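Me: I have a protein model to read and I am new to this. Can you take me through it feature by feature?

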Amino acid sequence: MRIAFIQNNDRSRPRTVGEGQGENRVTAGSYIKKLLEDKQISISWLSKQMGIKSRSTYYRLFNDYYSKDKTGELIDGIIRHIELTDEEKHDLESRFGTGRVSSFFKRTRDILLKCYDETLDSGYIVKTPDGEKSLVSLLKEHSGGEASVFLINLEDERVIGDIAQLLEWNERVKVYDYIKLRNHRIRTAYELMTLIRFFRYPNYLPVVSDFSEYSGICMVSAEGGKYNYMSVNIDNDCCDFVDTEINRDMYDHIVNVYTRVMSKGESLRRRVKKVSDYIELVQKSADFSCGAGMFYSEGAPCFGALSVDILSDMFRDINYFGFPYEHEYVQRLFSIFNEKAEYEANTDAHERRMMFDEGHIEHMMRSGIAFDHMDAFRPMSGEQCRTYFKRLADIADKRANYSYRFIRRDIIRSPFVYSGKGILYLYAPGSGGGEGSSMFLERNSIREIMDDFSEYIWENHTCSEEESKKTLAGMADKYLK
C-alpha cells in the first residue's frame, strides 16, 4: 500500500532540522517519508504500532516542524516498529542522532531493572513535630492492627522500598495504590516497576485513577478501639505531616472517600475465586497470547506453556473444582487449552521468548510445580517433567520463533508476561487454599517502555541460546533421571 502525503508549500516558516543547509539538504522528515514510501508502509499501520492517534504527528515530522529532540524521539519509535536492515538503522542514527532520547530509555531501563533487585533502597525520612523519623517506622507504628494505606502518585524509590517492607511485615494491611499511567516515560516506568514488584502480595490493590496531582501517603488504622489518621506529603520533602487520633465516624468517612475514588477508577487486580473465574482467566490469557509476540519473564515455564495431555492428567487426578471431567466447565477449560495449542503449533509468525533462571527451573524439575501453579492441578510427575522439557528443547531447535534463555543470575522474583500488542500481564497464583488473582494492563503509555525494556534485558542480561540449551540439558540430566 502506498502512502498519500499532504504537501506543504509554506516556505516562510522556520525549519528546525537541516536549517540553512541548502535546498538539496536531506532532512529527517524527507528521509523518513521516502523510507516509508519505499517500504510501502501505511501511516495507519505505523500509527497503530506506535500508539499515535493524530496524523498531524507525521505531517509535522515529514515537513520538519519538530525540534531535533522530538524528531529523534519519533525516529527511535520508527526504528523499533518497522523492519530495517543494519545499514538503514545505522544511516538513520548517524544522520539524525537521538542521544538525548536514548538517555530517557536508559533511565527507564534502570528503573525497571529494579523489578529484579532483591531489595529496594528505603529509609525515607519524615520531618515530624517530634523530630525526624523513618517512614517505614511510622508506617509500622500505625499499622499494628487493621489498617488501610493509600498511595497516590508515588515515584521515589525509597518510599517504594518502605512500602515493600510494610507489605512483607503485615499482611493485614491493605495497600491501595492509585496510579495515573501518565504520558511521561520516567513516571510510567516507576509505576510499572511498582506494579511488577508488589503484585505478588495479595494485600496490594492497584487502581488506575485520575487522582489529583497530590503525591503522598494517607493511612487510617484501627486497633483496640482507637482510630488514627496519618498523612505524608511526598512532593514537599515530607514537610506536610499529619498524625492524629480520630473517631470512628471520621475513620469510616476517610475510608469511604478513598474507596469511592477507587470504584471510579480501574481496579487492576481480578480475583480468581471460583471455576468460572478461572476459565475466564484462561480464556483471556489465550486471547492475550495469540496474535502477537510474547516475552515471558517467569523464571520457569507457566501453566500456559504445558502441553494439553500433561495438563489433562494433572487435572483428572485432583478434580479440585468438584466437577467430573465431563462437566461443561471442565470441557470448556480444555477446549481453550486445545485451541491455544493448535494455534501455536500452526503459527510461526509470532515470536515466543521465555526467560528462565536456574533456581526456578531446578524447583520445577524437583517438584513438578510450574511457576504459576494452582491447586486445581496436581504437580507433574518426574516422567511428565522429562516429557515437557524434551518437547520444549525440540520446539526451540526446530522453530525459529521459539526461544528460551537463562538470565545470567537468579533474579526473577516477580513474574510478568509482556505482549507485542502492548499488554502487560501479571498474576499471583492461588495455592494453599488462597485465592489467585491476575492483572491485564493495556496502555499506549507502556508500550514504548516495555518494547524497549524487554528487548534490552533479553539482549543484555541473558546467556546465549546455545549456552542456555546446554544449561537446560545439564539440569535435566541431573534432576530428571
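Reply: We will go through the ground rules, the salt bridges, one helix and the cysteines.

Reply: This is a predicted model, where local features need pLDDT of at least 70, side-chain atom pairs count only at pLDDT 80 or more, and totals for chains, interfaces and linings use all residues. Residues are numbered from 1 along each chain as its sequence is written, and side-chain values use heavy atoms, with hydrogens and water left out.

Me: What is a salt bridge, and to what does the count come by this rule?

Reply: Side chains of opposite charge can pair when their charged atoms come close. The rule asks for a side-chain nitrogen of Lys or Arg within 4 Å of a carboxyl oxygen of Asp or Glu. By that rule the count comes to 23 salt bridges.

Me: With which residue does Arg-248 form a salt bridge?

Reply: Its partner is Asp-252, and the closest N and O atoms are 3.1 Å apart. Both residues lie in helix 10 (residues 248-264), four residues apart, about one turn of the helix. Helices here are DSSP runs of H or I, at least four residues, numbered from the N terminus.

Me: Why does a spacing of four places matter in a helix?

Reply: An α-helix has 3.6 residues a turn, so residues three or four places apart point the same way. Take helix 14 (residues 358-367), which holds Arg-366 and Glu-362, four residues apart. Their salt bridge has its closest N and O atoms 2.8 Å apart. Helix 15 (residues 382-398) holds Asp-394 and Lys-390, also four residues apart. They form a salt bridge, with 3.1 Å between the closest N and O atoms.

Me: Are Arg-366 and Lys-390 buried or exposed?

Reply: Buried means under 20% relative accessible area, exposed over 50%, and partly exposed in between (1.4 Å probe, protein chains only). Arg-366 is exposed because its relative accessibility is 59%. Lys-390 is exposed too, at 54%. Glu-362 is partly exposed at 25%, and so is Asp-394 at 28%.

Me: Which residues are buried in helix 1?

Reply: Among them are Ala-28, Tyr-31, Ile-32 and Leu-35. Helix 1 covers residues 28-38. Ala-28 has a relative accessible area of 0%, so Ala-28 is buried. The C-alpha atoms of Ala-28 and Asp-64 are separated by 7.1 Å, yet these residues are 36 residues apart along the chain.

Me: How many disulfides does a search of the whole structure find?

Reply: A disulfide is a pair of cysteine sulfur atoms within 2.5 Å. The search finds zero. Cys-302 is buried at 9%, and Cys-463 is buried at 19%.

Methods: Helix = DSSP H or I, 4+ residues; strand = E, 2+ residues; numbered from the N terminus.
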